[in-house]
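Reader: Could you walk me through this structure and show how each label follows from its definition?
Author: Happily; here it is.

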Protein chains: 2
Amino acid sequence: MAASRKQKVVVLGSTGSIGVNTLDVIARHPDRFEVIALTAYRNVELLAEQTKRIAPKQVVVADREARERLASLLKGSSPEIGTGVEDLMRAATLKEVDIVVSAIVGAAGLVPTLAAVQEGKRVALANKETLVMAGRLVMEKAKEHGAEIIPVDSEHSAIYQCLAGEDPGKVRRLVLTASGGPFREMTRNEMERVRPENALQHPRWEMGQKITIDSATLMNKGLEVIEARWLFDLPVEQIDIVVHPESIVHSMVEFRDGSVLAQMGLPDMRVPIAYALGYPERLESGVEFLNVIEQGPLTFEQPDRERFPAIALAEDALRQGGLMPAVLNAANEVAVSSFLQGRIGFLQIPRLIRAVMEKSRNRNYETIEEVLRTDLETRKTAREEIGRL
Amino acid sequence: MAASRKQKVVVLGSTGSIGVNTLDVIARHPDRFEVIALTAYRNVELLAEQTKRIAPKQVVVADREARERLASLLKGSSPEIGTGVEDLMRAATLKEVDIVVSAIVGAAGLVPTLAAVQEGKRVALANKETLVMAGRLVMEKAKEHGAEIIPVDSEHSAIYQCLAGEDPGKVRRLVLTASGGPFREMTRNEMERVRPENALQHPRWEMGQKITIDSATLMNKGLEVIEARWLFDLPVEQIDIVVHPESIVHSMVEFRDGSVLAQMGLPDMRVPIAYALGYPERLESGVEFLNVIEQGPLTFEQPDRERFPAIALAEDALRQGGLMPAVLNAANEVAVSSFLQGRIGFLQIPRLIRAVMEKSRNRNYETIEEVLRTDLETRKTAREEIGRL
């Protein structure tokens, strides 16, 4: 790359696992990137440390209490500290910014991410909810405003990498790989008795609690099917899931000529992060290289749709379209947090989601406000449903 | 693609396995390709059948005897029938032709292929010797005359596909996969006693006798390393071989960011053929789709360089550069045909090649004539060496 000006980056959700890895990648390329703003929720200790190291112009936290704790940790030598959604959106849409890393977990990531899209930024997208809840609208806005959305989870980044230089019209099938989660080999009876602590030991990737439970129910794959539908503009019928316990093949693209491209590597989020930051250039990511010989055999199996009904629920929500994926997502968030609190059993997660979906009247949407309203209403419905169980 | 004029194709070596598969692919795209000329050596029966079906303007065979047999099979309704190298070169360089499929087996393919390159054609390259014997010169001429060389063997096509849309400067390593050949699990003692008929049963691909023996000695991988060096302009140190007995991953590219792209599929030459004909478009190839689940585990192992010294011989020839790869190739051809005739043992193939390489004074070359002279001289040396064994 010609030595042009540095690219200015905002990291939304800098204290989560994606955020931390993003800062690690950026630190390897000081001549190329400059971090302008960091945002976090309430992990002000880590945010203070990051702020001292990186010296962003702006930081944003959840609320005034978090701001005060952060200010006292930074002792006067503090940048501007914003709070709440308004300031989050301001950080996501700063004029000078080139790249917005969207790494806030959950529905809270949707609004600032959409704001960045509407400013025509490059969005390195790790927040699943953006596309799960409002994929159609977000992709329309991206097109309208010339925003690039480059995925930062390993599966969609793999597909994005396989599609570089290819004609999307020649794709026959996307194949999302799934580790299968910790309960891949459990019987239904054993799954009935699973406790949160059984699920929170995920074999391959280090992740937050919500995502860990999603990967135990395979809802994470269901959500990824919805994301892939919007990112790659393909119908659900052309998006498959294959269980691949070794987590080395991060996903595949099958073309109409019979050729399959697969992207592989050790499981390390810095590869997709570096790819999204540098695209179309591949940047040094600090990741260890795969030794395919030491790795041992790569195996693939069909996901068990009986034991893991979350997949079919997500596919069903996608087929119904409109607001139904937002319903699915909200019901799942409530179900997972209820499971983590010990209020419902593991197999009740998909049951609850199905019940909520059946209760919800679906319709199309035009605005993000409708999506957010549906999200809130669905959470209420889901909580009532749980009361009834 | 816009409905432009049909692309005109010449198939050099139309009666071999690549030639037959090429005509199969072309027959699937009658609106896109038109076959102008076919050439064969002495399989006039098949050539006659192809000529009747396809009605090329020109056919070329080895000699007058073959021409007379062909003419009598075609009974008057025959196109122009040429013979020998001169007519082969004329077919390879016809003004109107867009694509030359170079599928002649052995050193005989070099001269007509180079001629096509010098006319700036797209060359769909299946003939290994072109790059093994004279890779530096051929690639220089391709650049000078704007010829595209698109590989038609599965390994190099895989790498070509993985590199589409990528910056070659970001490649850390090419990984050529090898089935391991029929003797992958034999001890050295067992290999000492191998007979031609043991080698001629190759597990995965249907191939000619020469290539089958090369894949039993792993010399085919050695030759592919040399080809890859020129096709992708990377030093031998960045080209690795991994044994992959299932022959599903056709090769891989490892990038500097830790990401690995792999091209996979059922073993069927029509995929690389269709890719080379249609590039950058992927054409329907008639190939069955891979079911990665039914396929079973994909395994990878280190090639045993002790039992298969051909790999090190090829790498050594490449490091020496100049005419040494041509020496390696000629010595190998003589060794293989002597083995097939029962004159030398299986493990004497690499021993003979090494002896011939040690006898040959290496130097750089400027012209194809020097390469061809070295080829002839080396064959003579190799035959003398065998007499001495």
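**Labels and their definitions**

Author: Let me start with a pair of side chains: E315(A) and R305(A) form a salt bridge, their closest N and O atoms lying 2.7 Å apart. This is a predicted model, where local features need pLDDT of at least 70 and side-chain atom pairs count only at pLDDT 80 or more, while totals for chains, interfaces and linings use all residues. Residues are numbered from 1 along each chain as its sequence is written, chains are lettered from A and ligands numbered from 1 in the order in which they are written, and side-chain values use heavy atoms, with hydrogens and water left out.

Reader: Why is the pair E315(A) and R305(A) called a salt bridge?
Author: The term asks for a side-chain nitrogen of Lys or Arg within 4 Å of a carboxyl oxygen of Asp or Glu. The N and O atoms of R305(A) and E315(A) are 2.7 Å apart, so the pair is within the 4 Å limit.

Reader: What does the pair E315(A) and R305(A) tie together?
Author: E315(A) lies in helix α14 (residues 310-320) of chain A and R305(A) in the loop between α13 and α14, so the pair ties together parts that are ten residues apart in sequence. Helices (H or I, at least four residues) and strands (E, at least two) are DSSP runs, numbered from the N terminus.

Reader: Is E315(A) buried or exposed, and how do you know?
Author: Buried means under 20% relative accessible area, exposed over 50%, and partly exposed in between (1.4 Å probe, protein chains only). E315(A) has 9% relative accessibility, so it counts as buried. R305(A) has 37%, so it counts as partly exposed.

Reader: How do you know that E227(B) and K128(B) meet in a salt bridge?
Author: Their N to O distance is 3.4 Å, so this pair also satisfies the salt-bridge rule. E227(B) is in helix α11 (residues 219-231) of chain B and K128(B) in the loop between β6 (122-125) and α6 (129-145), so the pair ties together parts that are 99 residues apart in sequence. E227(B) is buried at 2% relative accessibility, and K128(B) is buried as well, at 13%. In chain A, K128(A), D153(A), E155(A), K221(A), E224(A) and E227(A) are linked in a network of salt bridges. Over all chains, the structure holds 82 salt bridges.

Reader: Which salt bridge joins E281(A) to the other chain?
Author: E281(A) meets K170(B), at 3.4 Å from N to O. E281(A) lies in the loop between α12 (270-278) and α13 (292-295) of chain A and K170(B) in the loop between α7 and β8 of chain B, so the pair joins two chains. K170(B) has 19% relative accessibility, so it counts as buried. R282(B) forms a salt bridge with E166(A), with the closest N and O atoms 2.8 Å apart. The rule finds six salt bridges across the interface of chain B and chain A.

Reader: How much area is buried between chain B and chain A?
Author: About 3600 Å², of which carbon and sulfur atoms give 59%. Buried area is the accessible area (1.4 Å probe) that two parts lose on being put together, summed over both. D257(B), R282(B) and F289(B) supply 22% of the area that chain B buries against chain A, more than any other three residues. The contact (heavy atoms within 4.5 Å) takes 39 residues from chain B and 39 residues from chain A.

Reader: What makes β11 of chain A and β11(B) a strand pair?
Author: Two strands pair if DSSP finds at least two bridges between them. Five bridges join these antiparallel strands, so the rule is met. L261(A) stands opposite Q263(B) in β11(B).

Reader: Which strands does β10(B) pair with inside its own chain?
Author: β10(B) runs antiparallel to β8(B), with five bridges joining them, and five bridges also join β10(B) to β11(B), again antiparallel. L176(B) has S251(B) in β10(B) as its bridge partner, and V253(B) stands opposite L261(B) in β11(B). In the hairpin of β10(B) and β11(B), which has four residues between the strands, G258(B) takes a positive phi near 95 degrees.

Reader: Why is β10(B) called mostly covered?
Author: Seven of its seven residues are buried.
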